[in-house]
Amino acid sequence: MATERYSLAEVLAVAKTHPFYNPDTVYPADAETIRNLRKTVTDQEAKAKFQEQPLLEKKTLYKAIERLSHDVDPRNTYRQSSYVSITGGGSGGVPMMFAVDVHENRRQRAQFGEFLKLCGVIQPGDWVLSTHVAGGFYRSLDLTTEITENAGATVLSAGSYMSPTDVAKSLADYHVNILTGDGSQVVQVVYHISLMAPEDRNRIALDKIIYTSEPLTGPQRAFIKAVLGDVKIISLMGSAEAGPWAISSPDLTGEQSLTNNSTDFVFDTRNILIEIVSPSAVDGVSSPDPILLPEGEQGLIVQTSLQRLRNPLVRYITGDIGTLHPLPSAACAVIPEADRDYIRVLRMRGRDNRFSFNWFSSYFEFEKIDALMRADDCGILQWQLIMDRLESTPQATLEIRLLRSPPRDGILSDDALINRFKAFFVIGSDNEELFRIVFLDNLGGFERSATAAKIIKFVNRWD
């Protein structure tokens with residue numbers, strides 16, 4: 001593994017004087033100041049002070065980044081020699097531009113490529129085709145191609161504008177064995193493959209799917225395997241704030257770790273530190289109980305990067321929920337003994353879904369809607385809710401857009417599914433004209449975020 005990482009002491013020393021953590025600091029430190037700061041704290045002192053560092057909330061980070069991004073003063077090092085990628089912007093939110101030192105970014109991509117190789121995700125001779133998004137300041141395509149190349153793969157950079165027809169043809173023509181893309185892109189390509197003539201489909205020999213950004217549901221996974229056969233479904237986790245940092249692979253945690261409610265990821269503690277904290281830490285309610293939760297107990301995921309120094313990420317609340325676990329024995333067949341003590345498992349439970357919306361005098365919890373959509377007998381590959389207005393009236397409409405797998409045994413008919421949704425959303429004669437279900441035959445009918453072109457689960461045009 002590459003060794004150019006920072007110590008916790010170095011990261012904390014720089015964070016102490018950074019605008020993300022110190023409101024009295026105007027600009028991030030310059031290179032000379034950082035060199036001096038790195039010598040001021042020992043590792044022993046850093047470990048003792050780490051828990052005293054306040055948690056960093058997203059709203060605090062967004063506010064600091066908005067100011068630094070627009071301040072053109074020559075002293076503002078945030079705007080200098082930086083790799084920038086944007087995140088957010090879905091459902092009308094404001095995108096965040098997180099800046100990373102260009103050299104730190106390249107080192108992290110090299111290190112994560114090594115991690116892919118260490119975890120057996122990429123093998124010698126692998127050919128990868130990536131359908132990730134590029135452009136509009138979004139850079140998932142160059143990120144994915146570079147880290148898989150660093151892992152030793154040969155990569156075809158297809159991008160998101162190549163049609164599913166051309167992607168499928170390229171998979172066959174160039175003997176590609178790994179398809180990678182956002183979750184919805186993968187589903188779209190596999191859906192196209194399912195409609196191909198058998199002789200054309202048999203020319204495609206994929207043995208791995210690597211998806212990012214959007215989680216695959218149980219029905220989506222079942223559909224992919226039904227079309228492609230015994231293919232390994234792997235996921236990479238990352239963000240603009242932390243970069244790429246975790247891997248989900250059945251070779252490491254087993255298929256049983258993949259459920260409708262959670263996914264197991266492995267990460268390297270030499271690259272990133274993960275804490276699980278009580279939700280009370282951000283509720284504004286004092287509690288006598290410890291904020292830091294023990295292994296196996298569910299809470300909010302908090303990150304500290306050991307790969308980012310110029311603009312540190314320290315005790316950052318990601319907004320996700322999960323639990324920490326030791327590396328399972330099955331992973332020992334893949335991870336070399338010298339590295340095992342550094343690898344941990346994060347069981348990702350999804351976003352912090354303390355979220356609901358009101359429609360026609362009723363509150364609907366997002367978590368319960370998500371469970372409805374994930375039901376195996378619904379056969380839903382992708383979904384979206386849109387709240388809008390009935391023409392110029394003050395009435396709120398609710399539209400559900402669905403992409404379903406082809407009909408098969410055990411899957412509800414369209415009419416039966418409509419009845420289930422009507423019962424769930426309490427549809428009667430008084431609100432029937434305000435409710436609509438639209439069945440789509442491809443992903444083109446879904447609304448996407450402006451930045452990453454991700455399918456937005458809940459589009460609120462009403463507010």
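**Backbone turns, a helix pair and a domain contact**

At 5% relative accessibility, arginine 315 counts as buried, the cut-off for that class being under 20%. In this predicted model, arginine 315 sits in the loop that links strand 11 (299–305) to strand 12 (316–325). Its backbone also deserves a look: arginine 315 is not a glycine, yet has a positive phi of about 50 degrees.

A second residue invites a side-by-side reading. Serine 81, likewise a residue other than glycine, has a positive phi near 50 degrees. Serine 81 belongs to the loop between helix 4 (58–70) and strand 1 (82–87). Here the relative accessibility is 51%, so serine 81 counts as exposed, the class that begins over 50%. Thus serine 81 is exposed, whereas arginine 315 is buried.

Turning to the domains, the protein chain is divided into domain 1, covering residues 99–352, and domain 2, covering residues 375–460. Their centres, taken over C-alpha atoms, lie 28 Å apart. Domain 1 brings 15 residues to the contact, and domain 2 brings 17 residues. Between them, domain 1 and domain 2 bury an area of about 1,400 Å², and carbon and sulfur atoms give 59% of that area. On the domain 1 side, three residues stand out: Ser184, Tyr191 and Pro219 supply 34% of the area that domain 1 buries against domain 2, more than any other three residues.

The next pair of elements to consider is helix 7 (residues 164–173) and helix 8 (residues 183–194), which pack with their axes 9 Å apart and at an angle of about 75 degrees. That angle makes helix 7 roughly perpendicular to helix 8, a label that applies from 65 to 115 degrees. Helix 7 contributes Pro164, Thr165, Val167, Ala168 and Leu171 to the meeting, while helix 8 contributes Gln188, Val189, His192 and Ile193. By residue class, this contact is made up of six nonpolar and three polar residues, with no charged ones.

One more serine rounds off the picture. Serine 405 lies in the loop between strand 17 (396–404) and helix 14 (414–424). With a relative accessibility of 9%, serine 405 counts as buried. Leaving aside residues up to four places away in sequence, serine 405 touches Phe223, Gly379 and Leu381. Of the two serines described here, then, serine 405 is buried, while serine 81 is exposed.

Methods: Residues numbered from 1 in each chain as written. Predicted model: local features only at pLDDT ≥ 70, side-chain atom pairs only at ≥ 80, totals over all residues. Heavy atoms only, no water. Axes fitted to C-alpha atoms, helices over the stretch in contact; angles between N-to-C directions. Helix = DSSP H or I, 4+ residues; strand = E, 2+ residues; numbered from the N terminus. Parallel < 35°, antiparallel > 145°, perpendicular 65-115°, else oblique. Contact = heavy atoms within 4.5 Å. Nonpolar A, V, L, I, M, F, W, Y, C, P; charged D, E, K, R; others polar. Buried < 20%, exposed > 50% of the residue type's maximum accessible area, 1.4 Å probe, protein only. Domains from an automatic or database assignment. Buried area = accessible area lost by both parts, 1.4 Å probe.
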